[in-house]
2 protein chains.
Amino acid sequence: MSRVTIKDVAREAGVSPSAVSRVFTTGASASPLTRERVLAAADRLGYRPSLLARGLVGRSTHLVTVIMGSLSDPFDALFLDALARALAARDTRLMIASTAGGAPTESGLQQALDYKSDAVIVAAGTMSLADSALCARAGLPVILAGRALEAPGVDGVLADNADGGRQAADLLMRTACHRPAYLGLGKTTFSDRERWQGFADTLARLGAKPAEWACEGRDPEAAFRAASAVLSAPHRPDGLFCSNDAVALRAVEAARALGLSVPEDVSIIGFNNLPQAAWPSFQLSTLDYPIGSLVGAIIDLLDTRLADPQRSGEVRRLPVHLVPRATTRRADVGVPASAVRPVPINPEAL
Amino acid sequence: MSRVTIKDVAREAGVSPSAVSRVFTTGASASPLTRERVLAAADRLGYRPSLLARGLVGRSTHLVTVIMGSLSDPFDALFLDALARALAARDTRLMIASTAGGAPTESGLQQALDYKSDAVIVAAGTMSLADSALCARAGLPVILAGRALEAPGVDGVLADNADGGRQAADLLMRTACHRPAYLGLGKTTFSDRERWQGFADTLARLGAKPAEWACEGRDPEAAFRAASAVLSAPHRPDGLFCSNDAVALRAVEAARALGLSVPEDVSIIGFNNLPQAAWPSFQLSTLDYPIGSLVGAIIDLLDTRLADPQRSGEVRRLPVHLVPRATTRRADVGVPASAVRPVPINPEAL
DNA sequence: CGAAAGAATGCAAACGTTTGCATTCACTTG
DNA sequence: CAAGTGAATGCAAACGTTTGCATTCTTTCG
């Protein structure tokens, strides 16, 4: 019933508690004989160091808090899973702090502080300068995922959203879309803004002016309703760039429900390249944003930050690349040449 | 930089650390004056009790560990999300322990013990009697989700899988399926077994003998491959009950890819009633298993267990109910009466 | 062979709380 | 008015570790 502690092991092995501690901390000095005895005693007793006690006195709790929103978007779920595994491989545990919608991350940060987390990963909500100051004061490293903040010592990793928007715009123009539109999650979502900017800027440069729409709310059905609204609007778009695949897939559904054919009547592009996007029923054209590299970058940032807490903040941009499937038309065939609006060839585009 | 501790607050408020502690623990005696002073001082200093220290000495860490598999099935993701929120509402945090495939849950249990979790929720992997003994010895409450174990003091909550299987079988027979089959995740998956049993037993009682198939592996594509194999087998089934929606949705895809029409050529039934199952593209017939009640039961079990650690284990069965959509034929119309095999009417069935 | 160096170990003080025990103090009650 | 009651408080000992310092023991080198 009662826990077996370091003292029990010390007694059993005939050494001091310190010796036991040193055996269990890598890089501490302990003679082979002591090590062997201690290990044997520990094994016999079934001893495991209490990470609570360790965390209380030591410098690391081997605990990281992640602030997440709803997991209804598969991307978030897969991200969380990959993150937990990557951390586990480094012998670190993940604690969840759920945040509601666009609510402040503050309670999540407090949670991270309360448990003396080694770091907090912010993957939902908006972080303010005050928040980051709070963390800085407490010595809690912050890593932003999919958002950015101009604050000292705050690291971040983001997709190259603007470039994704550019690629989407390029594709739509090259496939003779005349009424491009954007469907996002709302003005407050960081990545959305960047994707919109890249999209709209590129189109503006090409002489087109996209319409902008937003879902009301983040629940999955909101995307369906919004897409339905977009696609039954007076000047119905014939090309729709959605801020992510979760929205885009629902847009495909909405289009079909309205009797529109994709991509003939309307082209649809997503973002993330979810496994679902490749399903035969959808064959969604999208921008690939590999979760592995996202998580890899986070882990890497985490390591360097932990090694040097004083270094200035670094933000990493991860490239995304277009995966054209069946919800957009072929760029080179099947479209009457006369319908193709002349577009400057962009060598970086696919 | 350095943390503000209970002593700092005590000094600032002009009282002893104990007094501060008592102000922050509900139900302890503190005079209104002291309370006010302490609260003011704490607020001024930005004090928050260290949950590590609290957990070390106190009886609760307000920490629960959940052992989860991959989050690629949306059901798991939604479950995790709901669980985290429900716990957060009770001021308890959730720690993730990821387990690979059917790997032992042991490292997850150790993680729970290392951090002195208030409880561990096992939602993946298989738990042995030895595992449960380990937890019992350490005084760690175990709650099984979607699995059962005959062990003292271990609680569990499961869907009424056998009844789900029965309902699926009933529906297939009532809609004139002659070659029913089951597609599961594999022999080692607890819920799968029960669903199969309920399905097969019911069919046997009706004089039919379903074929049984399993996916090789748990990754999403495995389900697609398996379904493709099933549907191109010599005696192709005309009714397929899948162990969950994730599989069933892929089966629908596979059927379509093979040029089969659903439900005319083959009826397909899932389990869970994922949001996706209701999408227009699928309209999957399935068994509704509300995540809310699952999580609710877990929380409830947790509360009662924590209140009385000595009580004997309790397993709760949650009802599931059929949601017939478009991947099964209508039971009463559109099928030649002659084709309907006489089936005993079951009053509980929909 | 003596001394300096370095490895191995133990002691005791942290880390930031809770909590049992004893004390004080203001009231109530007979 | 004396004694009994109960709330409010402080002291100090846990909780299970790590770690700086001092000590002892082994080497190694001049």
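**Close-up views of a predicted protein–DNA model**

**View 1. Contacts of chain A with DNA strand D.** In this predicted model, a backbone N or O atom of I6(A) comes to 2.7 Å from a phosphate oxygen of DNA strand D, a polar contact being a pair of N or O atoms within 3.5 Å, where within protein one atom must be able to donate a hydrogen and the other to accept it, and residues adjacent in sequence count only if both atoms are side-chain atoms. The side chain of Y47(A) places an N or O atom 3.2 Å from a sugar or linking oxygen of DNA strand D, while a backbone N or O atom of R48(A) is 3.5 Å from a phosphate oxygen of that strand. The elements giving two or more residues to the surface near DNA strand D are α2 and α4 of chain A together with α2 and α4 of chain B (helices are DSSP runs of H or I with at least four residues, strands are runs of E with at least two, and both are numbered from the N terminus).

Residues are numbered from 1 along each chain as its sequence is written, with chains lettered from A and ligands numbered from 1 in the order in which they are written. Because the model is predicted, local features need pLDDT of at least 70 and side-chain atom pairs count only at pLDDT 80 or more, whereas totals for chains, interfaces and linings use all residues; side-chain values use heavy atoms, with hydrogens and water left out.

**View 2. The surroundings of DNA strand D.** DNA strand D is surrounded by 26 residues, the closest being I6(A), S21(A), R54(A), S16(B) and T34(B), where a residue is near a strand if one of its heavy atoms lies within 4 Å of it. Sugar or phosphate accounts for 64% of the atoms of DNA strand D within 4 Å of the protein, and bases for the rest.

**View 3. The surroundings of DNA strand C.** For DNA strand C, 26 residues surround the strand, and the closest are S16(A), T34(A), I6(B), S21(B) and R54(B). An N or O atom in the side chain of S16(A) is 2.7 Å from a phosphate oxygen of DNA strand C, a polar backbone atom of S31(A) is 2.8 Å from a phosphate oxygen of the strand, and a polar side-chain atom of R54(B) lies 2.7 Å from a phosphate oxygen. At least two residues of the surface near DNA strand C come from each of α2 (17–24) and α4 (51–57) of chain A and α2 (17–24) and α4 (51–57) of chain B.

**View 4. The contact between chain A and chain B.** Chain B and chain A each bring 51 residues to the contact, which is defined by heavy atoms within 4.5 Å. L52(B), Y115(B) and W279(B) supply 18% of the area that chain B buries against chain A, more than any other three residues. About 4,300 Å² is buried between the two chains, with 59% of this area given by carbon and sulfur atoms; buried area is the accessible area (1.4 Å probe) that two parts lose on being put together, summed over both.

**View 5. Peptide bonds and backbone angles.** V262(A) and P263(A) are joined by a cis peptide bond with omega of about 5°, and P263(A) sits in the loop between α11 (245–257) and β9 (267–269) of chain A. In chain B, a cis peptide bond with omega of about 10° joins V262(B) and P263(B).
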